[in-house]
Amino acid sequence: MSEPAVPTFSLSTAASQARGVAGNNSTAARSGHFAALILARGGSKGIKLKNFRSIAGQPLVTWALRAAIDSEVFDSVWVSTDHADIARVSEECGASVFHRGSWSARDHASSSEAIKEFFDAHPEVEMVAHIQCTSPSLHPWHFKEPVAMIRRGQYDSVFSVTRLRMLRWKEVPDHLKHRKRDVVETEPLNFDVAKRPGDADWAGELFETGAFYMTTRDAFMAAGCTQGGRKQYFEMDPKYSVDIDTDLDWVIAEQRLLKFGYFGMAQPFGVRLVVFCVEGVLMNNQLCRISDSECRSYNRRDIVGIQMLKDDGIDVRLVAAFDDKMNVYLHRKLGLALSVESEKKCNLVSTWKKEEDLCWEEVAFMGRDIDDIECISTTGVSGVPNDAPESVQLCAKFVAKQRGGCGAVREFCDHVRLINEKAESFLKQTKSSEYGMC
């Protein structure tokens with residue numbers, strides 16, 4: 001399911017022509033192979049192994065990949081990389097991997113060199129969308145209209161921009177007037193200081209977001225870059241326009257992702273049932289021996305998070321591998337249903353799903369170990385603590401920053417509530433939109 005086409009996100013053909021942008025409606029439509037290409041080399045000078053680093057619970061490269069794959073507008077989705085872990089994660093997400101040469105993965109290699117390498121290796125590809133994984137706030141609907149603009153033959157290249165209303169200034173060396181090189185004056189660059197523009201009478205300016213650049217093979221080869229031939233822009237809302245280059249960008253991008261990011265196809269449905277494993281998730285896996293008794297610990301933040309879900313009207317249940325006193329105490333303290341099932345958790349959760357007449361997209365599950373993989377892969381929203389095995393983390397849609405029993409459950413509760421907020425917003429927008437649901 002995808003978000004309806006909201007007019008503020010793109011330009012219609014009529015609007016483009018009204019703004020004087022070159023277009024030719026008589027050009028034949030293009031039906032050739034359209035590939036999505038994400039360049040994600042292993043080297044990074046600013047942030048080490050940036051493209052594989054976890055952000056908002058997932059490796060950076062997976063955010064752009066998920067949006068591109070779920071858009072269903074590309075004939076193929078590729079990741080061009082020289083790094084084994086990036087290649088592995090990309091394939092597990094459903095993408096094809098193009099193993100780029102060392103010359104195109106060097107520090108000073110341009111994106112155009114890597115794209116040309118891909119074109120040369122894939123003569124069947126006639127159009128390409130260069131999607132940058134450093135812009136992780138992309139959603140599937142961001143690709144639909146730009147791809148259509150290329151497919152219809154209106155334009156040879158389309159790239160993403162955002163509109164900003166920023167008053168800019170420039171430095172003017174005073175020596176240009178008086179030949180004094182130690183003095184710099186300042187002048188307005190895009191406005192008149194005596195008539196400061198307001199939002200109502202100024203459209204602002206367009207800035208490249210760097211999120212994607214789409215082009216045809218012919219236009220790229222002729223221009224040597226992704227912005228050749230007949231060009232057009234695709235306007236994105238500023239809240240989705242994030243480009244990661246520094247550590248500060250990383251912090252900002254993570255907050256944007258948690259609020260506006262695309263977490264998968266389950267998003268429009270909302271979550272109605274959340275299931276937590278007890279061992280290793282709600283409680284840590286450490287055992288303390290006191291006299292003849294063993295004890296485990298849980299985190300009060302996790303308890304508060306679960307209570308918040310319950311206050312939202314969400315059904316929360318526990319599944320444990322053992323029937324011991326600590327598990328019984330916990331389920332009584334929280335007032336939650338507790339089932340003991342160590343081997344067939346997915347069957348158990350499936351039964352609960354049917355009892356409440358839900359679809360899998362409305363079910364969230366947080367597990368930790370190998371025997372939880374089936375549930376993690378099946379449910380619409382899934383999570384694991386930070387200390388879960390790597391093979392289990394790769395199956396989950398959300399990886400908490402905290403370990404099991406140390407706040408991971410609270411992180412997942414907050415994640416579920418954000419998904420429900422976005423689902424509610426999506427449904428409201430759908431009801432008020434003349435476009436309806438796609």
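In the predicted model, Glu-254 is in contact with Ile-55, Ala-56 and Lys-401, when its neighbours within four places in sequence are left aside. Glu-254 belongs to helix H8. Its relative accessibility is 11%, and because buried means under 20%, Glu-254 counts as buried.

Helix H8 comprises 14 residues, 247-260. From its first C-alpha to its last it reaches 20 Å, close to the 20 Å expected at 1.5 Å a residue. Glu-254 shares its buried state with Trp-250, Ala-253 and Leu-257 of H8. Viewed down the axis of H8, the buried residues fall within an arc of 105°, and they therefore line one face of the helix. The face turned away from this buried side carries Leu-248, Val-251 and Gln-255, which are exposed.

Two sheets were examined. One is an open sheet of seven strands with mixed pairing, in the order S5-S4-S1-S6-S10-S7-S11. Strand S5 (96-99) and strand S11 (231-236) form its edges, each pairing on one side only. On average, neighbouring strands of this sheet are turned by 30° against each other, direction ignored. Within the sheet, strand S1 (residues 33-39) and strand S4 (residues 76-81) run parallel and are joined by five bridges. Leu-39 stands opposite Ser-80 in S4. Helix H2 (residues 60-71) packs on this sheet, where it touches S1, S4 and strand S6 (125-131). The direction of H2 makes about 160° with that of S4. Helix H4 (residues 111-121) lies across S1, S4, S5, S6 and strand S10 (205-216), and runs at about 150° to S6.

Another open sheet has six strands with parallel pairing, in the order S16-S15-S12-S17-S18-S19. Strand S16 (337-340) and strand S19 (398-399) stand at its edges; each has a single partner strand, so one side of each is left without a neighbour in the sheet. The parallel strands S17 (residues 363-366) and S18 (residues 381-384) are joined by three bridges, and Met-366 stands opposite Gly-383 in S18.

Helix H11 (residues 345-355) has contacts with several strands of this sheet. Its buried residues are Lys-345, Cys-346, Leu-348, Val-349, Ser-350, Trp-352 and Lys-353. They are covered by elements including strand S12 (273-277), strand S15 (315-320), S16 and S17, together with helix H12 (373-378). After H11 comes Asp-357, which has a positive phi, near 55°.

The nonpolar interior was considered next. In soluble globular proteins, nonpolar side chains tend to be buried together. The largest nonpolar core of the model has 46 residues, and those with the most contacts inside it are Val-274, Phe-276, Ile-306 and Phe-412. Helix H14 (residues 408-432) gives the most to this core, contributing six residues. With neighbours within four places in sequence left aside, Val-274 is in contact with Leu-309, Ile-314, Asp-315, Val-316, Arg-317, Ala-364, Phe-412 and Val-416. A second core, separate from the largest, has 36 residues, among them Phe-52, Val-89, Cys-133 and Met-149.

Conventions:
Residues are numbered from 1 along each chain as its sequence is written. This is a predicted model: local features need pLDDT of at least 70, side-chain atom pairs count only at pLDDT 80 or more; totals for chains, interfaces and linings use all residues. Side-chain values use heavy atoms; hydrogens and water are left out. Helices (H or I, at least four residues) and strands (E, at least two) are DSSP runs, numbered from the N terminus. The expected span of a helix is 1.5 Å times one less than its number of residues. Buried means under 20% relative accessible area, exposed over 50%, partly exposed in between (1.4 Å probe, protein chains only). The arc is that of the directions from the helix axis to the C-beta atoms. A nonpolar core is a set of buried Ala, Val, Leu, Ile, Met, Phe, Trp, Tyr and Cys residues joined through side-chain atoms within 4.5 Å. Contact means heavy atoms within 4.5 Å. Two strands pair if DSSP finds at least two bridges between them. Axes are lines fitted to C-alpha atoms, for helices over the stretch in contact, and angles run from 0 to 180 degrees between N-to-C directions.
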